[in-house]
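I opened my notebook for a friendly walk through this one. Here is what I looked up, entry by entry.

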Amino acid sequence: MRILILLFAFYTILTQPAFSQKKDQPTAQKVVSGTVLLNDKKVPDAKALLASLKKDWKLKTDSSTIAEKTIVFTGPGGATVMIAFLDYPVPSAEISTAARISWLWKNGADEALRHQSQAVISVIGAENKSLDLHKTFTSVAGGLLENSNASGIYMADQYLLLSKGFYTSAARNMRDNQTLPLYCWAYFGMTQEKELSSGYTWGLQEFGLAEMEIVLSKQSQPDVHAVLYDAASTVVQYNLQLQDGQTLTTLEGLKLQVKRSKGVYQEGETLKIEY
């Protein structure tokens, strides 16, 4: 969090003239941030990375500024992208906590804890463009993972710990097939109580959306997971602000009733999907 605050302060100073000109039209800002886990203490080659982002990832990288341990450029939609190299690892307690629930990276506890340094990516832009900011972040992270000796990526706010192979594959699929790499943005938790399955999301709040839960369903755990993923993908894709009692028609054509109430697996209120 301290790193994020410092980066945001740097961004504010960098863009002060632009803000001064638009005091009468303030725009709420959103920061999408995550950390690439590096297996050595070598600073990524900034010029090679920018060239790769432009050529391989078809990403706009205007007005770039390269310093010893930082890269700043203007990305798609006028978003500001910052990459800061830190020559020390993420605290092992944080990685261990995320690894315990990281079902997508079975060896995460061993492999991620070996990292020696980190590259923090922050994408800053208009709050109402959160989906676009996440897509830009994913492209930058994919490019950085491919152009460095990295093991994976860690997103603290979502408790996400994902391997290099999984993340780059999802990022390329987004680039080539316009898919939503939702597993790269939100955590999906599953629990089982005897014959009843439950699931919940953690990360939809980053899009200004309510978290979702399916509680004690008689359906199988794989089915509960699939329906929860389908519902979450739909609201993120179309920025749907669902209301209590509303029917959600998902991307897969399912019609689901949702109710807003106190969370079972989350703090505050969540949207309960009846399934």
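Is Lys 60 buried, partly exposed or exposed, and what is its relative accessibility? I looked it up in this predicted model. Lys 60 counts as partly exposed, because its relative accessibility is 38% and the partly exposed class lies between 20% and 50%.

**Entry: salt bridges**

I searched the whole structure and got seven salt bridges. I wrote up three, starting with Lys 60, which pairs with Asp 62 at 3.5 Å between the closest N and O atoms. Asp 62 is partly exposed as well, at 37% relative accessibility.

Next I checked Arg 175 and Asp 176, whose closest N and O atoms are 2.8 Å apart in their salt bridge. Arg 175 has a relative accessible area of 25%, so it is partly exposed. Asp 176, at 45%, is also classed as partly exposed.

Then I turned to Glu 213, which meets Lys 272 in a salt bridge of 3.6 Å, N to O. Glu 213 sits in strand β10 (residues 212-217) and Lys 272 in strand β13 (residues 269-273), so this pair ties together parts 59 residues apart in sequence. Glu 213 is buried, with 0% relative accessible area. Lys 272 counts as buried too, at 13%.

**Entry: the sheet**

I traced an open sheet of seven strands, ordered β2-β3-β4-β5-β1-β6-β7, with antiparallel pairing. Why is one side of β2 and of β7 left without a neighbour in the sheet? β2 (62-66) and β7 stand at the edges and each has a single partner strand, so one side of each stays free of a neighbour. On average, neighbouring strands are turned by 15° against each other, direction ignored.

I also looked at β6 and β7, which run antiparallel and are joined by four bridges. For Gly 152, I found the bridge partner Ser 163 in β7. Helix α7 (residues 164-177) packs on the sheet, touching β6 and β7, and its direction makes about 90° with that of β7. Helix α6 (residues 130-146) lies across β1, β3, β4, β5 and β6, and runs at about 155° to β5.

**Entry: helix α4**

Which residues of helix α4 (residues 92-100) are buried? I listed Ile 95, Ala 98 and Ala 99. They lie on the same side of α4, because they cover an arc of only 100° around the axis. Ala 93 and Arg 100, on the other side of α4, are exposed. Finally I noted what covers the buried residues of α4: this includes β1 (29-38), α5 (108-112), β6 (150-155) and β7 (160-163).

Key:
Residues are numbered from 1 along each chain as its sequence is written. This is a predicted model: local features need pLDDT of at least 70, side-chain atom pairs count only at pLDDT 80 or more; totals for chains, interfaces and linings use all residues. Side-chain values use heavy atoms; hydrogens and water are left out. Buried means under 20% relative accessible area, exposed over 50%, partly exposed in between (1.4 Å probe, protein chains only). Helices (H or I, at least four residues) and strands (E, at least two) are DSSP runs, numbered from the N terminus. The arc is that of the directions from the helix axis to the C-beta atoms. Contact means heavy atoms within 4.5 Å. Two strands pair if DSSP finds at least two bridges between them. Axes are lines fitted to C-alpha atoms, for helices over the stretch in contact, and angles run from 0 to 180 degrees between N-to-C directions. A salt bridge is a side-chain nitrogen of Lys or Arg within 4 Å of a carboxyl oxygen of Asp or Glu.
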